Amino acid sequence: AGTAQKLVNIDGFMPGKKIVILGSGDIGLIMARRMTLEGAEVKCVAEIMPYSGGLKRNIVQCLNDFDIPLYFSTTISDIEGTDRVKGVYLSKVDENMKVIPGTEEYVECDAILLSVGLIP
């Protein structure tokens with residue numbers, strides 16, 4: 001999500017029009033709002049943990065206020081596309097963070113933003 005933030009804020013480049021965000025840290029939540037304000041459709045935020053890593057106010061102001069769904073205990077289990085992302089399969093995970101077979105749901109998107117921790 002940090003790279004997407006640089007692309008949008010500094011380079012004036014949108015990484016996609018239909019976005020899925022993996023991870024619910026504050027930068028991912030803020031970028032969900034920013035991408036929406038820039039005209040993208042943020043399909044959802046998927047969080048592998050059963051709770052968000054971001055502040056409650058960011059969940060409210062960045063997701064709830066824009067009707068962006070937040071899915072807990074969910075991860076990307078597969079990505080479709082060759083030269084460009086065409087969609088992802090989201091799957092529920094168990095308490096050991098292992099994908100639960102049969103829970104896959106396809107979401108069409110052309111970009112994935114990763115909000116899964118900062119690079120030191």
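Trainee: Why is Asn58 called buried in this structure?
Mentor: In this model, which is a predicted one, Asn58 has a relative accessible area of 7%, and the word buried is used for values under 20%, so Asn58 is counted as buried.

Trainee: Where is the place of Asn58, and which residues does Asn58 touch?
Mentor: Asn58 has its place in helix 3, and, if residues up to four places away in sequence are not counted, Asn58 touches Asp26, Leu29, Ile30 and Leu63.

Trainee: What makes helix 2 and helix 3 roughly parallel?
Mentor: Two packed helices are described by the angle between their axes and the distance between the axes. Here the axes of helix 2, residues 26–37, and helix 3, residues 56–63, come within 8 Å and cross at roughly 20°. Angles under 35 degrees count as roughly parallel, and therefore helix 2 is roughly parallel to helix 3. The crossing in which helix 2 passes helix 3 is left-handed.

Trainee: Which residues make the contact between helix 2 and helix 3?
Mentor: Helix 2 brings Asp26, Leu29, Ile30, Ala32 and Arg33 to the contact, while helix 3 brings Asn58, Ile59, Gln61, Cys62 and Leu63. Sorted by class, the contact of helix 2 with helix 3 has six nonpolar, two polar and two charged residues.

Trainee: How do you know that strand 1 and strand 2 pair?
Mentor: A pair needs at least two bridges between the strands, and five bridges join strand 1, residues 18–22, to strand 2, residues 41–46, so strand 1 and strand 2 satisfy that condition. These two strands run parallel, and Val20 stands opposite Cys44 in strand 2.

Trainee: What makes strand 3 and strand 7 stand at the edges of the sheet?
Mentor: Four strands form an open sheet in the order 3-2-1-7, with parallel pairing. Strand 3, residues 70–71, and strand 7, residues 111–114, each have a single partner strand, so one side of each is left without a neighbour in the sheet.

Methods
Residues numbered from 1 in each chain as written. Predicted model: local features only at pLDDT ≥ 70, side-chain atom pairs only at ≥ 80, totals over all residues. Heavy atoms only, no water. Axes fitted to C-alpha atoms, helices over the stretch in contact; angles between N-to-C directions. Parallel < 35°, antiparallel > 145°, perpendicular 65-115°, else oblique. Left-handed = near helix turned anticlockwise from the far one by under 90°. Contact = heavy atoms within 4.5 Å. Nonpolar A, V, L, I, M, F, W, Y, C, P; charged D, E, K, R; others polar. Buried < 20%, exposed > 50% of the residue type's maximum accessible area, 1.4 Å probe, protein only.
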